[in-house]
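Open the structure in a viewer and keep the sequence panel beside it. The stops below go from the whole chain to a pair of helices and then to a single residue.

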Amino acid sequence: MSATDICGRLRDWCELYPNPLALTEENAAARADEDERLGRFAGLDALDREQVIELISWKFQSMAHRKALALRGVSLERWGGQAGAAVLIRRALADSDDDKALATVCGIYRFGPAMSSVVLAACRPGRFTVADSRALKALRGLGRMPAGPPGFRQADWLPYLRACRSLARLCGMSLREVDRALWVAANDSELAG
C-alpha cells in the first residue's frame, strides 16, 4: 500500500472512531470529549490515585472484570511506599527508555501493557500511544508488524511503538489519531491480519 493510500485510510478510519456506525458529528464530539479528558494529564510527572482510577475507568469502560483487576493495583495498600504504584508511575514518567518506562508501570499489580501504556500515553502523548490488541491486529494486517499471537505482550511494545510513530510521522497525524485509526481498522475485512 502506498504512503498516500495508507495515510488516506488512516484518516478515514480515524473519523469512524469510536463508533463506526455513529454519525460523523457524534464521533467528532466523542473524540473531542476524549481529547479534553485525556489532555488534562499531558505533561504531568506524577499522578495521584484518583487520576489513575480515572484512567483505568476510561481504558476499561466496557470491561468491568479488567477494570476491577486493574483497580486492585492502585488500592490504598498498594498505592504508597517504596514499591507502590505512585512511585512506579513517577519513575516511569521520568525514564527516557521506552521499554523500561512500560516495564516499570507493568510492575504495578494487575497492570499489563494495555493499562501501563494508557498512563504513559496520557502523560506523554507526543511520545507514547496506547498498547491495544485491536491496533496490533491492524498493524499486522497492514504489514507493519510481524505475525504473532492476538494478545498484546510486553515484547510487542517497542516494535508496536516504532510502527505507530512511523505512521504518525508519515501521515502527519498524532499518535492518538493513529491509535484510533488502527482500533477501527481492526474490523476492516480488507486487511490480511
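Show the whole protein: its radius of gyration is 16 Å, which agrees with the value near 16 Å for a compact globule of 193 residues (taken over C-alpha atoms; the rule is 2.2 Å times the number of residues to the power 0.38). This is a predicted model, in which local features need pLDDT of at least 70 and side-chain atom pairs pLDDT 80 or more, while totals for chains, interfaces and linings use all residues. Residues are numbered from 1 along each chain as its sequence is written, and side-chain values use heavy atoms, without hydrogens and water.

Colour by secondary structure next: there are eleven helices and zero strands (DSSP runs, H or I of at least four residues for helices, E of at least two for strands, numbered from the N terminus).

Select α2 (residues 24–39) and α3 (residues 49–59), whose axes come within 11 Å and cross at roughly 155° (lines fitted to C-alpha atoms over the stretch in contact, with angles from 0 to 180 degrees between N-to-C directions). That makes α2 roughly antiparallel to α3 (over 145 degrees). Show side chains: Glu 34, Arg 37 and Leu 38 of α2 meet Glu 54, Leu 55 and Trp 58 of α3 (contact means heavy atoms within 4.5 Å).

Stay in helix α2 and pick Asn 27. Is Asn 27 buried or exposed? Asn 27 is buried, with a relative accessible area of 2% (buried means under 20%, exposed over 50%, with a 1.4 Å probe and protein chains only). Leaving out residues up to four places away in sequence, Asn 27 touches Glu 15, Leu 16, Tyr 17, Pro 18, Asn 19 and Ala 22.

Conventions:
Parallel < 35°, antiparallel > 145°, perpendicular 65-115°, else oblique.
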